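Please look through the model below before reading on. The paragraphs that follow move from a single residue to the whole chain and then to the surface.

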Amino acid sequence: MEIMSERAQLFGGGSPNSQGISSASQLLLRERSAIGASHAAIDSVLSTAQGARESMQEQNSLMAAISSKLQNVTRQFPAINQVVGAVQKRKGRDQVIIAFVISLCLFFMFRYLFL
């Protein structure tokens, strides 16, 4: 009871308006509607998050199925695995060459600028 009276004092006097509702009651009703709107917004966000979670789970299962199929294919055809290995090896070598050329260019650029 004390809490209600303190809340009424905080929200203003008890003078009723034309509808017979005090300003404290109006403020409490407004607060209640704001809390209801917050709950509705939270429910909307949670439903969106749940939908995103379900979508991610579906994608995860799809990727797992694709991965297992690719592993089966590479087991059946070892030549494919050798080709993929060769491509990765060449790609790694090309990356090392590009990194060396870029570092060499940067070295000469800094040498030219500061010396």
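Is Val-84 buried, partly exposed or exposed? In this predicted model, the relative accessible area of Val-84 is 40%, and because buried requires a value under 20% while exposed requires one over 50%, Val-84 counts as partly exposed. This residue belongs to helix 3, and its C-alpha atom is separated by 9.8 Å from that of Thr-74, a residue ten positions away along the chain.

From here the view can widen to the fold as a whole. The protein has three helices and zero strands, so that reading along the sequence gives the pattern α-α-α. Helix 3, the element that holds Val-84, covers residues 78-114. Of the 115 residues of the protein, 2% count as buried, and the surface that the protein exposes comes to about 10,300 Å², with carbon and sulfur atoms supplying 64% of that area.

Part of this surface is a nonpolar patch, formed by Ile-98, Ile-102, Leu-106, Met-109, Phe-110, Tyr-112, Leu-113, Phe-114 and Leu-115, which together have about 1,100 Å² of accessible area. What makes Leu-106 eligible for such a patch, as far as its exposure is concerned? Membership requires over 30% relative accessible area, and Leu-106 satisfies that requirement because its value is 39%, which also places it among the partly exposed residues. Like Val-84, Leu-106 is found in helix 3.

Two further members of the patch, Phe-110 and Phe-114, deserve a closer look for their rings. The protein has two aromatic pairs by the ring-centre criterion, and one of them joins Phe-110 and Phe-114, whose ring centres are 6.1 Å apart and whose planes meet at 15 degrees, so the pair is stacked. The cut-offs behind that assignment are a centre distance within 6.5 Å and an angle between planes under 30 degrees. Along helix 3 these two residues are four positions apart, which means that about one helical turn separates Phe-110 from Phe-114.

How exposed, finally, are the two partners of this stacked pair? Phe-110 has a relative accessible area of 43% and is therefore partly exposed, whereas Phe-114, with a relative accessible area of 63%, is exposed. The stacked rings of Phe-110 and Phe-114 thus belong to residues that both contribute to the nonpolar patch on the surface.

Conventions:
Residues numbered from 1 in each chain as written. Predicted model: local features only at pLDDT ≥ 70, side-chain atom pairs only at ≥ 80, totals over all residues. Heavy atoms only, no water. Patch = residues over 30% accessible without salt bridge, like charges linked within 9 Å, V, L, I, M, F, W, Y side chains within 5 Å. Areas by Shrake-Rupley, 256 points an atom, 1.4 Å probe, with all protein chains shown as cover. Salt bridge = Lys/Arg side-chain N within 4 Å of Asp/Glu carboxyl O. Buried < 20%, exposed > 50% of the residue type's maximum accessible area, 1.4 Å probe, protein only. Phe/Tyr/Trp six-rings, centres within 6.5 Å; stacked < 30°, edge-to-face > 60°.
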